[in-house]
Amino acid sequence: MKKITNRRTKIRTTRITLNKRLVALFTFSVISLSACAETVLQGDIERGKEMSGVCGMCHGDNGISLIPIYPNLAGQKEQYLVLQLKAFRSGERVNMAMTSHAQKLTDQDIADLSAYYAQLDPKPE
Ligand code: HEC
């Protein structure tokens, strides 16, 4: 009798260990899959600033545009800026003024420019 109980306990313990392993494996897969889907690059604000000269012609030196049909970029959400620049680059979003500028950008350029514009003050004095 005692022997059987011990065996049952052993089986249960093995099952729990297996379940824990499965949970760990599943979590790991989800994390790696999401990492593959979109590699989030760290934006370099200083480099973004250096690159922003040409953008400033239309979007303003401080990210506030002087032309009514050109959007402000200062203080915009960083991930939104990344998505829009990639959309212009791929042709998913099209604009005569913007497309040619976006086509020249690498993923790192986009990350840096987005980090730069996102931290600018949207309402400068
Ligand atoms: C010749 C003018 C011009 C230049 C230079 C220019 N842009 Fe633009 N940009 C525009 C216009 C116009 C729009 C709005 C497009 C539309 O209406 O769809 C725009 C839109 C954008 C948007 C989307 C904003 C939003 O709210 O959806 C981003 C981001 C952007 N530009 C970033 C940049 C960056 C970064 C550069 C420099 C590499 C740059 N632009 C250079 C004219 C310009």
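## Helices, core and ligand shell

Helix 4 has 13 residues, and the distance from its first C-alpha to its last is 19 Å, close to the 18 Å expected at 1.5 Å a residue. As with everything described here, this value comes from a predicted model. Within helix 4, the buried residues are Leu81, Val82, Gln84, Leu85, Phe88 and Arg89. These buried residues pack against two other elements, helix 5 (99-103) and helix 6. After helix 4 comes Gly91, which has a positive phi, near 90 degrees.

It helps to step back and look at the whole chain. The protein chain contains 6 helices and 0 strands, and along the sequence the pattern reads α-α-α-α-α-α. Of the 125 residues in the protein chain, 19% are buried. When contacts between residues at least 6 apart in sequence are considered, 69% of them join residues at least 24 apart.

Helix 6 is a good place to continue the tour. This helix covers residues 107-118, and its 12 residues reach 16 Å from the first C-alpha to the last, close to the 16 Å expected at 1.5 Å a residue. Helix 6 is largely enclosed by the rest of the structure, because 9 of its 12 residues are buried. The buried residues are Ile110, Ala111, Asp112, Leu113, Ser114, Ala115, Tyr116, Tyr117 and Ala118. They pack against helix 2 (45-51), helix 3 and helix 4.

Helix 4 and helix 6 also appear together in the largest nonpolar core. This core has 15 residues, of which Leu81, Val82, Leu85, Ile110, Leu113 and Tyr117 touch the most other members. The elements giving two or more residues to the core are helix 4 and helix 6, and helix 6 gives the most, with 7 residues. For Tyr117, the contacts beyond its neighbours within four places in sequence are with Gly63, Leu73, Ala74, Gln76 and Leu81. Of these partners, Leu81 is itself a buried residue of helix 4.

Another residue worth a visit is Asp112, which is found in helix 6. Asp112 has 24 other C-beta atoms within 10 Å, and since 20 or more count as buried, Asp112 is buried. Leaving aside neighbours within four places in sequence, Asp112 is in contact with Gly43, Asp44, Arg47, Gly48 and Met51. Asp112 and Glu78 lie 34 residues apart along the chain, and 9.7 Å separates their C-alpha atoms.

The last stop is the ligand. There are 16 residues around the ligand, and Cys55, Cys58, Asn95, Ala97 and Met98 come nearest. Two elements, helix 3 (53-59) and helix 4 (78-90), give two or more residues each to this shell. The largest share, 5 residues, comes from helix 3. By residue type, the shell around the ligand divides into 12 nonpolar and 4 polar residues, with no charged ones. Helix 4 thus has a place in several parts of this account: helix 4 gives residues to the shell around the ligand, and helix 4 also gives residues to the largest nonpolar core. Helix 3, for its part, gives residues to the shell and is among the elements against which the buried residues of helix 6 pack.

Methods. Residues numbered from 1 in each chain as written. Predicted model: local features only at pLDDT ≥ 70, side-chain atom pairs only at ≥ 80, totals over all residues. Near = placed C-beta within 6 Å. Helix = DSSP H or I, 4+ residues; strand = E, 2+ residues; numbered from the N terminus. Nonpolar A, V, L, I, M, F, W, Y, C, P; charged D, E, K, R; others polar. Contact = placed C-beta atoms within 7 Å. Expected span 1.5 Å × (residues − 1). Core = buried A, V, L, I, M, F, W, Y, C linked by C-beta atoms within 7 Å.
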